[in-house]
Amino acid sequence: MEDHSLPLILFISLILVLSECAAHDTISANQEIKDGETIVSQGEMFEMGFFSPGNSKNRYLGIWYKKISTGTVVWVANRETPITDKLGFFKVTKDGNLLILKGGGNTVAWSSNSTASGNGNAPVVEVQLLDTGNLVVWDKKKDTNRNLIWQSFDYPGDTFLPGMKFGKDFVTGIEWCMTSWKSPDDPAPGLYHDLVNTNGYPQIFGWRGKELLTRLGPWNGVGFNGFGIDIPNPIYSLEFVVNEKEIYHKYELKSSVIMRVVLTWEGKTEILHWIERIQEWLVYADASVDSCGRFALCGPYGSCSINTHPPCGCMEGFEPKNQQQWDASDWSSGCKRKKALNCGNTDGFRKIAGGVKVPDTRKSYYNVSMSLGECEMTCKRDCSCTAYASLDISNGGSGCLLWFHELMDTREYDSKQDLYLKMAASELQGQVVQHAGPNERNVLVIVFLLMSLFLLLPALAYASRKMKKRNYMKRRGNNGYVLDEKKTSLRMELLDNLQFFNLTEVERATDNFNVSNKIGEGGFGPVYKGVLEDGQEVAVKRLSETSQQGLDEFKNELTCIAKLQHRNLVKLLGYCVHEYELILIYEYMPNNSLDFFLFADKERSLMLDWPKRFVIIHGMARGILYLHQDSRLQIIHRDLKAGNILLDSNMNPKISDFGLARKFVGHDDIAKTKKVVGTYGYISPEYAVHGRFSIKSDVFSFGVLVLEIICGKKNREFTHENHGDNLLGHAWRLYKENKGTELICESLRASCIVSEVLRSIHVALLCVQHHAEDRPTMLSVVLMLVSESKLPEPKQPAFFTDEYFHGHKSFSSVDKQTITILYGR
Ligand SMILES: *[C@@H]1O[C@H](CO)[C@@H](O)[C@H](O)[C@H]1NC(C)=O
Ligand SMILES: *[C@@H]1O[C@H](CO)[C@@H](O)[C@H](O)[C@H]1NC(C)=O
């Protein structure tokens, strides 16, 4: 993903405001504002005057934040008719018309076309810039009743401010919508516009020219169906009004946060927050298009899911209308019923509980006073009705929304709004119609099923390669290595799965383990880059030759990894056993490991922007989930750390180093070990102190990793000037004080999406809770990351400070990279 998330600010930094010139509060009829003069709102929040955007030399009359030094423009008057010199001026006429004049006052560049109605009396015109950013023209005839003649909030540009209406006024015909700028240098209306479509039940659409790009699901009483960000939050409240005169959305700030919604010139609708401390706008949420965001991607009765590949499927009980097209990834013709409706009382409904973004409502009918029961009856009686839902999900649900056409543009989504699909009775037979079960569970089951499918694919690919490998082994024969009894059995076990290399081959590949080829030092020995005879690049891990322990670890790692195939795990290609030489051959990762970027200088750390880091967080979570939940084995990694997360050429994360993984069969998921192995800063308290480890120890390490990814500092090296907490304690403190954004490292600020970051921090804090039983499983972690449902409150994390360590004598040898502690009894 490209990094454009610091919109406009950078570009509009050239705004010229001549501060020594006069600033007005209000102006009255016949007064003029010259280029260089400004009007300032009473609370000094906003300022109006002439400016030049970006690299342009053209002059525009605009309104910008006065309090914010970056000069963020929120409204432009003469968007399409700039003035090319600095001689333009702004004037208010006697009857309340606003004019921008050029050429010495002879030519009108822009006019608000507004006039006071008069009613016999001569109007008394006053123009005022309000502290909301609204430029208003009053007629204050008789002190008491001021009449609004005109306001800039009725003519929004690319910015939607708190208190603005977004929708339609049926009386005046005014349509409140957002239009993007053409470019950072040109505020003229660009390609994109967002507006409220008032056909059927109102929805918000995003257009690119004449192409309908996106649909924000309809209002459900709490927020927009399909946009989880708007669930009630402490920052702003949302309002939706429908009556005969007008239909509009509006948001008002509840806190002192400065916030705006902008449609960028590239077509992204973003919610931005001003962060005073760092003096920057951060993207709080981004309604941009993911793979399911394209309007009606999957056609009628199709259902889109970002967790599957390809994303399109048919709703249950439906099948592709045109299988050939469908298979060729053309889903536009959508799906058809497997069993036709018979239009009578025998048709029933299938409830899709809360897991769906409801279909396009342009051709729907709604009634706010009908109950859900009446809604069902109405749909049942009408042959053309295809589905129904509750209109307003707040307060237990009320109202009725009915669909009468093919259902378009639905997707899997944790929306909390149930959809009832009309189905033939035979389709429903043998099935219990789902009753109000917990939504979470349904989503959980769906995601789990999808995930299993996802995990199956690599296994199939692996199976097809297996035959080839076998032949390779046969050809190779038995020469070149020596194995004792124990190791022979090891070899036999692995024979099917892994390629065997003899030492000569490995030596040739690594130029005899040349120091110049060394790319790292793992817990159990050095790692070299190598090139095989066929040109393939590999990573060669040479285990320390000496101890029997090493042999055990080696065997362990081999048996484990040989059976694991997942796109977020580093692939083991082969091995070499020669007398006491133990070597593993892995696929080579061109982009080094996560710590290489995270804890580096700014330049390198900038290479991992927030979208990439978010992908890494997700990928790690999926990789660990796979380790924990693989059907036959349950593997605990035990040494998850930034150095063990390798990055492929696309910066996708791959977990490496299973040397410490333990294999468990069945339910024995808590084990006690005499030997504590792991890395300081990542290991959980119960593991470090009592030697007890479980899948929750990995969850803990994962949480630490997520915090490190966000803050760009190592947990174990973290210090803070004001307190002695480690990173976990610091993150917890900020979380409690509602200042999570302060954890974000500097190089991330330009690219981050604050809501995603805050959610990641929240999930991470759940993972690092002191008691293992409080921590979520990896499955919950993955679900929490993909959904937008409310998260539980984390308890205090395990404070893992140096003092904590020193209190325990068992920590005798603390290696910088890896600690290996013998746990005395
Ligand atoms: C005012 O009216 C003129 C003439 O009809 C039109 O060209 C112009 O776009 C209008 N200005 C605005 C701001 O609507
Ligand atoms: C809504 O439903 C109620 C109850 O069925 C009915 O009385 C009312 O006329 C309906 N309103 C509209 C606008 O159709």
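## Reading the elements

Helices and strands here are DSSP runs, numbered from the N terminus, with at least four residues for a helix and at least two for a strand. With that in hand, welcome to this structure, which is a predicted model.

## The protein as a whole

The protein has 825 residues, and 55% of them are buried. Its chain forms 16 helices and 50 strands. Take the contacts between residues at least 6 apart in sequence: 60% of these join residues at least 24 apart. Turning to the outside, the accessible surface is about 36,700 Å², and carbon and sulfur atoms account for 51% of it.

## The nonpolar cores

In soluble globular proteins, nonpolar side chains tend to be buried together. In this model, the largest nonpolar core holds 153 residues. Which of its members touch the most other members? They are F90, L594 and F702.

F702 is a good residue to look at on screen. Apart from its neighbours within four places in sequence, F702 is in contact with I617, M620, A621 and I624, and also with C767, M778, V781 and L785. There is also a second, separate core, made of 17 residues. Among its members are L498, A539, L558 and A562.

## A mostly covered helix

Helix α13 runs over residues 727-736, and 8 of its 10 residues are buried. Those buried residues are L727, L728, G729, H730, A731, W732, L734 and Y735. An α-helix has 3.6 residues a turn, so residues three or four places apart point the same way.

What covers the buried residues of α13? The cover includes two other helices, α12 (695-711) and α14 (754-767). After α13 comes N738, which has a positive phi near 60°.

## Loop residues with a positive phi

Most residues other than glycine have a negative phi. Y301 is not a glycine, yet its phi is positive, at about 60°. You will find Y301 in the loop that lies between β25 (280-286) and β26 (302-304). Is Y301 buried or exposed? Its relative accessibility is 8%, so Y301 counts as buried.

D511 is not a glycine either, and its phi is positive at about 55°. Its place is in the loop between α6 and β38 (518-522). D511 counts as partly exposed because its relative accessibility is 49%, and partly exposed covers the range between 20% and 50%.

## Two more buried residues

N502 sits in the loop between β37 (499-500) and α6 (503-509). With a relative accessibility of 17%, N502 counts as buried, the limit being under 20%. Where does the side chain of N502 reach? It comes to 3.0 Å from the backbone nitrogen of E505.

V40 belongs to strand β4, which spans residues 38-40. The relative accessible area of V40 is 9%, so this residue is buried. Along the chain, V40 and D131 are 91 residues apart, while their C-alpha atoms are separated by 8.7 Å.

## Ligand 1

Three residues surround ligand 1: W110, S111 and N113. A polar backbone atom of S111 is 3.2 Å from a nitrogen atom of the ligand. N113 uses its side chain instead, with a polar atom 2.3 Å from an oxygen atom of ligand 1. On its own, ligand 1 exposes 360 Å², and the protein buries 29% of that area.

## Ligand 2

Which residues are found around ligand 2? They are Y365, N367, S369, M370 and E374. By class, this shell has 2 nonpolar, 2 polar and 1 charged residues.

Two side chains in the shell bring polar atoms to oxygen atoms of ligand 2. For Y365 the distance is 2.9 Å, and for N367 the distance is 2.3 Å. Ligand 2 has 360 Å² of accessible area on its own, of which the protein covers 35%.

Methods. Residues are numbered from 1 along each chain as its sequence is written. Chains are lettered from A and ligands numbered from 1 in the order in which they are written. This is a predicted model: local features need pLDDT of at least 70, side-chain atom pairs count only at pLDDT 80 or more; totals for chains, interfaces and linings use all residues. Side-chain values use heavy atoms; hydrogens and water are left out. A nonpolar core is a set of buried Ala, Val, Leu, Ile, Met, Phe, Trp, Tyr and Cys residues joined through side-chain atoms within 4.5 Å. Buried means under 20% relative accessible area, exposed over 50%, partly exposed in between (1.4 Å probe, protein chains only). Contact means heavy atoms within 4.5 Å. A residue is near a molecule or strand if one of its heavy atoms lies within 4 Å of it. A polar contact is a pair of N or O atoms within 3.5 Å; within protein, one must be able to donate a hydrogen and the other to accept it, and residues adjacent in sequence count only if both atoms are side-chain atoms. Accessible areas come from the Shrake-Rupley method with a 1.4 Å probe; for residues, only the protein chains shown count as cover. Ala, Val, Leu, Ile, Met, Phe, Trp, Tyr, Cys and Pro count as nonpolar, Asp, Glu, Lys and Arg as charged, and the others, Gly among them, as polar.
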